[in-house]
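These are my notes from a session spent going through the model one part at a time. I put down what I looked up and what I found.

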Amino acid sequence: MNKLLISNITRFILLVLLQVLILSNINFLGFINPYLYVFFILLLPLNLNHWKVLIYSFLIGIIIDVFQDSGGINAAASLVAAYFRPYVLKFAFGVSYEFQTIKFYQTPFAQRLTYILLIVFIHHFVLFSFAYFNFTYILEILKNMLFSGIFTVLLVVISMILFRKRRR
Amino acid sequence: MQQIVNFLIKYKNTLLFLLLLFLSVFFTVQSHSYHKSKFINSANFLTGGVYNWVNDIDEYFNLKEYNNRLVEENKYLRSRLGELNAKNLDTIYQDTSSFDNPYKFISAKVIRNQFSNIDNYILVNKGERDSVHNDLGVITSRGIVGIVEESSNNFSRVISILNTNSSISVQLKNTNHFGSLLWNGKDPNIVQLEEVPRLAPVHKGDTITTDGRSYIFPKGIPVGVVNDFELDVNQSYYKINVRLFNDMTNIGYVYIIDNQNLDELKSLEKEENE
């Protein structure tokens, strides 16, 4: 349990620094940035209490917000993603989630991808809706959500493969 | 009573979610209104420190560019000095007060710059200890950058002109017709100038400068040139796209302008209104 805690705290700090110092400054084609810190929410133990998931996700969001002067948009987006996480898990993994026997790295790839896609796009939709805060910008919101979402999912899958290799 | 407790236990996750959501919406709404985002603010010891530390490394990659800018600015200032000397050779100053200048300049370094969001902020490494405070103008040698919004001891947060909440009063250099400088959140090199009356003779390539009406910027600080323009829906005002002189994606060093006469001007204005 202690080892799990330390690895989660390390991941938290590393992902925040990576996000605010590098990933938020990529600006691919002028506006596309990945939001890899969602990986932290994805990787929280799948059987963790829901209220803990909510609090941890809110924390990582609000810290990113302080670094980026963005009000509460990252906090809100992470929180909503965390709130829907159990439902998405049930949808993606089905019965094996009900019995609480699964670990993230031991699930079939297709199911894991569904889980990642759903969480990332929920997160990005809330993020950009709150960033623009005005539904006359709906096209911009959807465009940003789509491109940044693809970028984030790509990075999540890549870092997932890297992490798993190291652990074996 | 028992039922209320049961209800709370049953829905504790949703209640927690709603509470935290309310908080983040509150912060978001605050960040969309000028001068109110006090809590979520990168001008503090921790985030400022981290950005400062990383910028110390990052800075080396831009030294050549910054040197070129300094040489360019020196050249301009030298030519101005030459003009002044030529003009004043036969004048004898009666007293030194004629050298007095209400504007005090504070130099600062940008340690974090944003330009890809819809509301962008810049963090600089001077704060209250260097007498930087709210509502001071920020410029570079090429043009305006923004206005200081919040200061801690060592850092200040500047609301960039690339922010949908920012609005700065500017004018056409030739004719003194003024309007407000806004941003639509799209291109970081192009900002929008609105409320210029139809009577004003606008041409492509005209220079836009600050007009000094807000007392934050002195009159005549360069902003950009007219890129293209059209009449708005009412056919009474121009909407002008302005191409900035500044490269907002690479700022480097800035000057913060402190207008020493600001309190005097403000109090006079207050008397007028009463």
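How many of the 8 residues of strand β5 (residues 156–163) of chain B are buried? I found that 8 of 8 are, so β5(B) is mostly covered, given that a residue counts as buried when 20 or more other C-beta atoms lie within 10 Å of its own. I note at once that this is a predicted model, and that I read local features only where pLDDT is at least 70.

**Partners of β5(B)**

I next looked up which strands pair with β5(B). Strand β2 (residues 119–124) of chain B runs antiparallel to β5(B) and is joined to it by 5 bridges, and within this pairing B:Y121 stands opposite B:I159. Strand β4 (residues 144–151) of chain B also pairs with β5(B) in the antiparallel sense, again over 5 bridges, with B:E150 opposite B:R157. β4(B) and β5(B) form a hairpin, and I recorded 4 residues between the two strands.

**Positive phi in chain B**

I then turned to residues that have a positive phi without being glycine. B:E195 is one of them, with a phi of about 65 degrees, and its place is in strand β8 (residues 190–197) of chain B. Because B:E195 has 16 C-beta neighbours inside 10 Å, I entered it as partly exposed. B:Y215 likewise has a positive phi of about 65 degrees and is not a glycine, but its place is in the loop between β9 (207–210) and β10 (222–231) of chain B. For B:Y215 I found 16 other C-beta atoms within 10 Å, so this residue too is partly exposed.

**Domains of chain B**

The domain assignment divides chain B into domain 1 (2–53) and domain 2 (101–261), and the centres of these two domains, taken over C-alpha atoms, are separated by 31 Å. The contact between them takes 11 residues from domain 1 of chain B and 14 residues from domain 2 of chain B. On the domain 1 side, helix α3 (residues 45–58) of chain B gives the most, with 3 residues. I also sorted the residues of that side by character, which gave 3 nonpolar, 8 polar and no charged.

**Chain A as a whole**

For chain A I counted 7 helices and 0 strands, in the order α-α-α-α-α-α-α along the sequence. Its radius of gyration is 15 Å, close to the 15 Å that the globule rule gives for 168 residues, so I wrote chain A down as being as compact as a globular protein of that length. The C-alpha trace of chain A spans about 45 × 30 × 30 Å along its principal axes, and 40% of the 168 residues count as buried. Among contacts in chain A with a separation of 6 or more, 64% come from residues 24 or more positions apart.

I checked helix α6 (residues 109–132) of chain A against its expected span: at 1.5 Å a residue its 24 residues should cover 34 Å, and the end C-alpha atoms are 34 Å apart, which agrees. α6(A) is followed by A:F133, whose phi is positive, near 55 degrees.

**Where the chains meet**

Last, I looked at the contact between the chains, which takes 25 residues from chain A and 26 residues from chain B. On the chain A side, α3 (50–68), α4 (73–93) and α6 each supply at least two residues, and α3(A) gives the most, with 7 residues. The residues of this side of chain A divide into 16 nonpolar, 7 polar and 2 charged.

Definitions and conventions:
Residues numbered from 1 in each chain as written. Chains lettered and ligands numbered in written order. Predicted model: local features only at pLDDT ≥ 70, side-chain atom pairs only at ≥ 80, totals over all residues. Expected span 1.5 Å × (residues − 1). Buried ≥ 20, exposed ≤ 12 C-beta atoms within 10 Å, placed from the backbone. Pairing = 2+ DSSP bridges. Contact = placed C-beta atoms within 7 Å. Nonpolar A, V, L, I, M, F, W, Y, C, P; charged D, E, K, R; others polar. Rg over C-alpha atoms; globule rule 2.2 N^0.38 Å. Domains from an automatic or database assignment.
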